[in-house]
Structures are given as C-alpha cells and as structure tokens.
Amino acid sequence: MGNRFAALKEYHSLILGHGILAAITFLLIVPAAIFIARFYYRNPRLAMRVHIWLQILTVFLTTVIFALGFFAVGPERSLTNPHHGIGLAIYVLVLLMQHQF
C-alpha cells in the first residue's frame with residue numbers, strides 16, 4: 001500500500017503516527033491498566049481510579065489510531081487489506097470491552 005501513496009508527504013506522517021500511537025497504547029498503556037487493576041493492593045481505590053483513567057485514555061487513543069489509519073488509506077481502499085479488518089475488529093473490541101461491567 002505504501003508504494004501507491006509514496007508521493008504524498010501526509011501519508012508517511014499519518015502511518016508513522018498510527019504505528020507509534022498503536023505501539024504506545026497496546027504495549028504500554030493497556031498492560032499498565034491491567035497490571036494496576038490486578039496487582040496493586042496498597043490502595044485499591046487509587047488502583048481503580050488509575051485503571052479507569054488509563055482505560056479512558058485507551059479508548060481515546062484507539063479512536064485516534066483508527067482515524068489516522070482510515071485517513072491514510074482513504075474510504076475507497078478501506079477493508080481491502082487484512083490489516084484494515086484486523087484494526088477494525090480491535091477497535092470494536094476495545095469499545096465493547098469498556099462496557100463489560
């Protein structure tokens with residue numbers, strides 16, 4: 001896909017932002033929220049508050065990640081690649097998991 005849009009400067013910055021935000025969100029923020037909720041026993045109320053705020057941040061960042069990816073490929077090319085479908089599935093799962101409790 002990158003070769004089709006190699007001439008556009010915006011494409012490369014959108015893809016770079018998409019990848020960096022996704023890595024930060026799913027490698028740092030989501031595990032931190034899980035570990036804080038599961039293993040922080042000293043102050044359960046603080047642990048719950050931090051967990052909730054990290055989950056809110058996760059929803060916000062996944063929305064930004066989804067928007068960056070969607071605008072990078074455009075509506076005419078959306079869902080033409082398995083990466084697009086997997087990204088949409090992850091976004092939907094993140095939104096659904098927030099309403100679990």
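**Surface, helices and selected residues of the predicted chain**

In the model, the chain exposes about 7,400 Å², of which carbon and sulfur atoms supply 72%. The structure is a predicted model, and the values that follow are computed from it. Buried residues account for 22% of the 101 residues in the chain.

The secondary structure comprises three helices and zero strands, and from the N terminus on the order of the elements is α-α-α. The radius of gyration of the chain is 16 Å, well over the 13 Å that the globule rule gives for 101 residues, so the chain is more spread out than a compact globule. Along its principal axes, the C-alpha trace spans about 55 × 25 × 15 Å. Where contacts between residues at least 6 apart in sequence are considered, 65% join residues that are at least 24 apart.

On the surface, a nonpolar patch of about 750 Å² is made by Phe66, Phe70, Phe71, Leu79, Leu88, Val92, Leu93 and Leu96. The elements that give two or more residues to this patch are H2 and helix H3, the latter covering residues 82-97. The largest share of the patch, four residues, comes from H3. Leu88, one of the residues that make the patch, is found in helix H3 and is partly exposed, with a relative accessible area of 32%; this value lies between the limits of 20% and 50% that bound the partly exposed class.

Leu79, also listed among the patch residues, lies in the loop between H2 and H3. Its relative accessible area is 56%, and Leu79 is therefore classed as exposed, given that the exposed class begins over 50%. The backbone of Leu79 has a phi near 65°, which is a positive value in a residue other than glycine.

Ser78 is likewise found in the loop between H2 and H3, and at 28% relative accessibility this residue counts as partly exposed. When neighbours within four places in sequence are left aside, Ser78 is in contact with Phe70, Val73 and His84; of these partners, Phe70 is also a member of the nonpolar patch. Ser78 and Leu88 are separated by 10 residues in sequence and by 10.0 Å in space, taken from C-alpha to C-alpha.

Two residues of helix H2 were examined for burial and for their contacts. Thr62 is found in helix H2 and, at 4% relative accessibility, counts as buried. With neighbours within four places in sequence set aside, Thr62 is in contact with Thr25, Phe26, Tyr91 and Val94. Within the residue range given for helix H3, 82-97, fall two of these partners, Tyr91 and Val94.

Gln55 is placed in helix H2, which covers residues 44-73. At 19% relative accessibility Gln55 counts as buried, since the buried class takes in values under 20%. Residues up to four places away in sequence not being counted, Gln55 touches Ala33 and Gln98. Gln55 and Ile86 are 31 residues apart in sequence, and their C-alpha atoms are 20 Å apart in space.

Methods. Residues are numbered from 1 along each chain as its sequence is written. This is a predicted model: local features need pLDDT of at least 70, side-chain atom pairs count only at pLDDT 80 or more; totals for chains, interfaces and linings use all residues. Side-chain values use heavy atoms; hydrogens and water are left out. Buried means under 20% relative accessible area, exposed over 50%, partly exposed in between (1.4 Å probe, protein chains only). Contact means heavy atoms within 4.5 Å. The radius of gyration is taken over C-alpha atoms; the globule rule is 2.2 Å times the number of residues to the power 0.38. Accessible areas come from the Shrake-Rupley method with a 1.4 Å probe; for residues, only the protein chains shown count as cover. Patches are made of residues with over 30% relative accessible area and no salt bridge: like charges are joined within 9 Å, nonpolar side chains (Val, Leu, Ile, Met, Phe, Trp, Tyr) within 5 Å. A salt bridge is a side-chain nitrogen of Lys or Arg within 4 Å of a carboxyl oxygen of Asp or Glu.
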